[in-house]
There are 2 protein chains.
Amino acid sequence: MGLNMAKQNIYDNETFFNEYRKLREREVNANNLFELPTLFSLLPDLEGKRILDLGCGTGERCMDYLNRGAAKVTGIDISEKMLAVAKSENSSPDITYLNMPMEDIGSLEGEFDVVISSLALHYVEDFPGVVKNVYRLLSEGGIFLFSQEHPLATCYTGKGDRWTRDENGRKIHVNIAEYCVEKRTDVTWFVEGVQRYHRMFSTIVNTLADNGFKILKMVEPYPTEELVQKYPEYYDLYHKPDFLFVKAVK
Amino acid sequence: MGLNMAKQNIYDNETFFNEYRKLREREVNANNLFELPTLFSLLPDLEGKRILDLGCGTGERCMDYLNRGAAKVTGIDISEKMLAVAKSENSSPDITYLNMPMEDIGSLEGEFDVVISSLALHYVEDFPGVVKNVYRLLSEGGIFLFSQEHPLATCYTGKGDRWTRDENGRKIHVNIAEYCVEKRTDVTWFVEGVQRYHRMFSTIVNTLADNGFKILKMVEPYPTEELVQKYPEYYDLYHKPDFLFVKAVK
């Protein structure tokens with residue numbers, strides 16, 4: 001699997017890496033407000049479990065999973081720079097970090113009870129290949145939980161503004177084009193040419209179903225009214241969620 | 001179930017009924033080009049099966065299912081006018097038509113092997129109630145197959161144009177607002193005040209999963225290139241599919 005497919009390693013780009021670190025250090029960001037609480041809310045009981053984290057980055061989640069009772073955590077990431085931080089800041093005898101693109105997990109040995117991936121799968125071209133390997137690596141009844149950029153975000157074509165605004169500059173709706181055209185969309189995020197792969201909802205669901213998974217839950221996080229009062233800029237998420245979560249069982 | 005929930009019977013509106021009949025009589029329409037072929041492509045083997053058709057309308061599909069080998073077909077619809085046509089044009093000793101809103105199928109006796117609903121569930125407020133009853137009525141391993149208006153269509157808020165156009169009037173993108181706000185959206189379709197219920201993808205998936213279904217397949221139909229060459233107006237479906245299909249198993 002994954003032969004001749006691009007494996008993007010944007011996190012080893014110096015500029016990207018530094019800007020990304022700064023973003024994550026902000027206390028109020030979409031990750032802390034929506035992605036992380038949703039991820040935690042969807043976690044199964046981790047007590048004594050063997051965890052595989054696909055795209056573990058700097059390892060904060062690996063440490064979280066250990067603190068929630070996991071027996072062993074394996075974190076893989078394509079980026080050496082991210083793993084260097086992980087090894088220095090989130091190290092434990094029960095965490096193994098491997099420098100490996102998730103397209104290559106076919107070479108992993110062993111069995112896992114829970115496979116988790118936070119905001120990494122939209123960077124992967126060979127989604128079916130990853131799903132097939134995750135299924136193989138999971139124990140019977142094992143859980144695959146992942147978040148990715150929402151299909152209404154990845155389908156943006158890059159032409160013009162993503163939003164239509166009123167005369168005061170207030171966003172009134174999101175502009176959706178070619179939702180049904182599945183392709184790589186290169187966007188500028190800190191640096192030019194960050195590659196994201198757009199997949200329709202049905203493709204995500206069918207890839208899981210075709211490979212034997214039963215979908216337990218999907219979440220498209222959006223803010224509570226209280227949160228919008230505090231941070232009005234997140235009202236936009238009612239129009240277009242940033243993230244999609246899927247929890248499936250083998 | 002379904003207490004205090006609106007049960008819409010727009011198909012018994014004289015104007016709506018007549019205009020709807022005219023639309024369906026056109027040879028080239030979205031139903032014939034996309035909805036019907038997709039529905040047929042997702043049908044399980046019907047040989048000897050007991051079928052329940054939710055929102056059967058004028059009964060063409062009931063007759064189709066019988067012609068594909070079904071043993072018995074039960075068609076239910078809230079509209080007396082539609083059923084009058086069904087009984088006159090698509091009658092058979094093996095088809096039973098019942099005048100009943102699908103919110104009331106809790107009162108049905110018996111067991112079915114396949115429950116099908118074509119373009120009716122977006123009219124229903126109590127989607128969880130219907131799903132729960134379908135699960136109960138299905139035999140073990142039974143199939144629930146339905147189509148509905150696509151969530152990118154039902155989320156339209158009704159303010160302004162659904163499309164943004166270029167200076168030549170060509171549609172360039174669809175305007176999506178409040179995708180995360182689930183509510184009834186009243187639209188004008190032949191008559192004013194046709195009630196549709198918007199549900200997010202995740203709500204549809206979770207309602208099925210929470211009630212015990214395993215999702216086998218989702219389809220968001222869009223045209224082939226050849227079809228767009230023949231009928232250029234259907235290019236719009238690349239931006240926003242009209243329909244969503246779900247096939248699930250008990």
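This is a short tour of a predicted model with two chains, A and B, going from the whole pair down to single residues.

**Stop 1: the pair.** Show both chains and look for the symmetry. Turning by 180°, with 0.0 Å of shift along the axis, superposes chain B on chain A with an RMSD of 0.0 Å. The two copies are therefore related as by a two-fold rotation axis. To find that axis from chain B, select B:Asn175: in this chain, its C-alpha is the nearest to the axis, at 2.6 Å. Both copies use the same surface, as 100% of the contact residues of chain B recur in chain A.

**Stop 2: the interface.** Now colour the residues where the chains meet. On each side there are 31: 31 residues of chain B are in contact with 31 residues of chain A. On the chain B side, β7 (171–176), α7 (201–210), β10 and α9 (236–239) are the elements that give two or more residues. Which of them gives the most? Select β10(B), which contributes six residues. Colouring the chain B side by residue type shows 20 nonpolar, six polar and five charged residues.

Next, zoom in on the two β7 strands. Strand β7 of chain A (residues 171–176) runs antiparallel to β7(B), and three bridges join them. For a landmark, pick A:Ile176, which stands opposite B:Val174.

**Stop 3: the sheet of chain B.** Hide chain A and show strands. You should find an open, mixed sheet of seven strands, in the order β3-β2-β1-β4-β5-β11-β10. At its edges are β3 (95–99) and β10 (214–219), each pairing on one side only. Neighbouring strands are turned against each other by 15° on average, direction ignored.

Within the sheet, select residues 50–54 and 112–118 of chain B. These are β1 and β4, which pair in the parallel sense over three bridges. Here B:Asp53 stands opposite B:Ile116.

**Stop 4: helices against the sheet.** Keep chain B and add α5 (residues 127–137). This helix lies across β1, β4 and β5 (138–149), running at about 145° to β5(B). Then select α3 (residues 60–67) of chain B, where B:Arg61, B:Cys62, B:Met63, B:Tyr65 and B:Leu66 are buried. The buried residues of α3(B) pack against β1, β2 (72–77), β3 and β4 of chain B. Just after this helix, stop at B:Gly69, which has a positive phi of about 105°.

Switch to chain A for the inward-facing side of its α5. The buried residues there are A:Gly129, A:Val130, A:Val131, A:Asn133, A:Val134 and A:Leu137. They pack against β1, β4, β5 and α7 of chain A.

**Stop 5: the nonpolar core.** Bring both chains back. In soluble globular proteins, nonpolar side chains tend to be buried together. The largest nonpolar core here has 126 residues, and A:Val115, A:Ile215, B:Val115 and B:Ile215 touch the most other members. Centre on A:Ile215: leaving out residues up to four places away in sequence, it touches A:Val205, A:Leu208, A:Val246 and A:Ala248, as well as B:Val205, B:Ala209 and B:Ile215.

**Stop 6: out to the surface.** Finish at A:Pro93, in the loop between α4 (80–89) and β3 (95–99) of chain A. Is A:Pro93 buried or exposed? A:Pro93 counts as exposed because it has 7 C-beta neighbours inside 10 Å. Add A:Lys72 to the selection: these two residues are 21 apart in sequence, and their C-alpha atoms are 8.8 Å apart in space.

Technical notes: Residues numbered from 1 in each chain as written. Chains lettered and ligands numbered in written order. Predicted model: local features only at pLDDT ≥ 70, side-chain atom pairs only at ≥ 80, totals over all residues. Least-squares fit on C-alpha atoms with pLDDT ≥ 70 in both. Contact = placed C-beta atoms within 7 Å. Pairing = 2+ DSSP bridges. Helix = DSSP H or I, 4+ residues; strand = E, 2+ residues; numbered from the N terminus. Axes fitted to C-alpha atoms, helices over the stretch in contact; angles between N-to-C directions. Nonpolar A, V, L, I, M, F, W, Y, C, P; charged D, E, K, R; others polar. Core = buried A, V, L, I, M, F, W, Y, C linked by C-beta atoms within 7 Å. Buried ≥ 20, exposed ≤ 12 C-beta atoms within 10 Å, placed from the backbone.
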